[in-house]
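This briefing looks at the open spaces in a protein model and at one pair of its strands. Please keep the sequence and the structure in view as you read the points below.

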Amino acid sequence: MDKEIVDRSEGFGERLLGLLLDRARLLPPQLVAPLVAEEVARIGGRDVSILLQDYAQELLVPLPGRKLHVGRPEPIVGSPAGRAFLRVDVVEVPQARGVRMYLPLLDGSDQVGVMALTLDAITDDDRRLLRRLAGLVADMLVTKNCYTDQFFLARRREPMSVSAEIQWSLLPPLSMSVPQVEVAGMLEPAYRVAGDSFDYALNDDILHVAVIDAMGHGLDAASMATIAIGAYRHARRVFVSLAEKYAFMDDAVSRQFGPDHFVTAQLMHLNITTGELELVNAGHPAPLLIRDGRVVCKLESATTLPVGFGGEEPRIAKHLLQRGDRVLCYTDGIIEEHVTGGEPFGEERLIRCVDRLGEEPPAGVRADLRRLSHTLMGERGRRTSDDATLFMIEWHGGAADHLAVLD
């Protein structure tokens, strides 16, 4: 039988990406970005910048390095680099001497930053190759980040407390997107957060989510949050029920810290195929259900005692989401902050801010959550005397609609 002849010769694009892969494997972290600039120059690119998101999620900060163009930090809102970052799409800006390109750097679906470069002219072949190069660069940055403090130092715009260092090392990626569901989370104050945290994992068709708030401030709160999240992950990975996860966390916190310490928690399972949501509320404010851009209700559930107090087995509330529904979880630091006049910010004001956000076209969960956070902080006069967490889920629909991805 005749065998199909496959051309295995190395084309220009494979050679470019292959050289980057071959050289980067053993390259010190500080030389990764200069190597990228060198490879971009092979296709006529110049003025290469690697822009990383700062911890407050307000700026894109240039990574320093030889052969790199290091300019000023660019705001995430109102700049071409910010548009590429928030929209997860390439932005092209014509200039007197060519085209400035901004390509999102994605770790899976989580935005790491933006790669910027200038070409004299651009073709569809250039666009395709550069999109793939940006994906490889993002993977390299994430991998090398495990071996260096260089990227951390570039992203840090002000001194960070020890408790915040602990919390940021504990967090999963700030966003995730698959065809059926999107999630995103934010913590404030970014450089002083202590007891607030969140975690999630997508295992087969079940999205597992936890949002927690450990009592107190500083290292005590960070330590409790670390134990609570560690117990949660352990329970999740041995495939126990939602109620048993609560019991694992409760036992770990009470054994380690005694009966006078506690952690409030919101635990959820979302079936991303059917939209069925299971919820355990351990002393948290009820999540908000957002439909067509407006808050339609609170997802009420029987509240059990916070983690660490030895509460009874929690009752699990069940809700059925509709396509496009969003669920917003938040900690009490959002609504209990005192504003002008001494009154708490309050749940009603939060709902008004969410509804105001819904008056604008949706821009994706991460971008919209950031806009909501910016609105809330503006109304609170930038005050954050307590930790504050926002975590949003958007359910798009069942797997059957997206099987074409694998066909």
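The lining of the largest pocket is made up of 14 nonpolar, 5 polar and 6 charged residues, as found in a model that is predicted. The space within the largest pocket comes to about 730 Å³, and of the 25 residues that line this pocket, Y55, D110, N145, R155 and W168 are the closest to its centre.

**Elements around the largest pocket**
- At least two lining residues come from each of β1 (46-53) and β6 (110-119), which are joined in this role by α4 (124-145), α5 (150-155) and α6 (162-170).

**The second largest pocket**
- The second largest pocket holds about 290 Å³ of space, and among the 20 residues lining it, those closest to its centre are I290, D292, G293, R326 and P362.
- Two or more residues of this lining are given by each of β13 (288-291), α10 (347-357), α11 (365-379) and β17 (388-395), and α11 provides the largest share, with 3 residues.
- Sorted by class, the lining of the second largest pocket contains 9 charged, 7 nonpolar and 4 polar residues.

**A pair of strands**
- Strand β4, which covers residues 91-95, pairs with strand β5, which covers residues 98-107, in the antiparallel sense and over 5 bridges.
- The link from β4 to β5 is a hairpin that passes through 2 residues, and within this pairing P94 lies opposite V99 in β5.
- As a general point for reading such strands, side chains in a regular strand alternate between the two faces of the sheet.

Definitions and conventions. Residues are numbered from 1 along each chain as its sequence is written. This is a predicted model: local features need pLDDT of at least 70, side-chain atom pairs count only at pLDDT 80 or more; totals for chains, interfaces and linings use all residues. Side-chain values use heavy atoms; hydrogens and water are left out. On a 1 Å grid over the protein atoms alone, a cavity is a set of points where a 1.4 Å probe fits but cannot get out, and a pocket is an open set with protein on both sides within 12 Å along at least five of seven lines; lining residues have an atom within 4 Å of a point. Grid points are joined across faces, edges and corners, and a volume is the space filled by probe spheres set on the points. Helices (H or I, at least four residues) and strands (E, at least two) are DSSP runs, numbered from the N terminus. Ala, Val, Leu, Ile, Met, Phe, Trp, Tyr, Cys and Pro count as nonpolar, Asp, Glu, Lys and Arg as charged, and the others, Gly among them, as polar. Two strands pair if DSSP finds at least two bridges between them.
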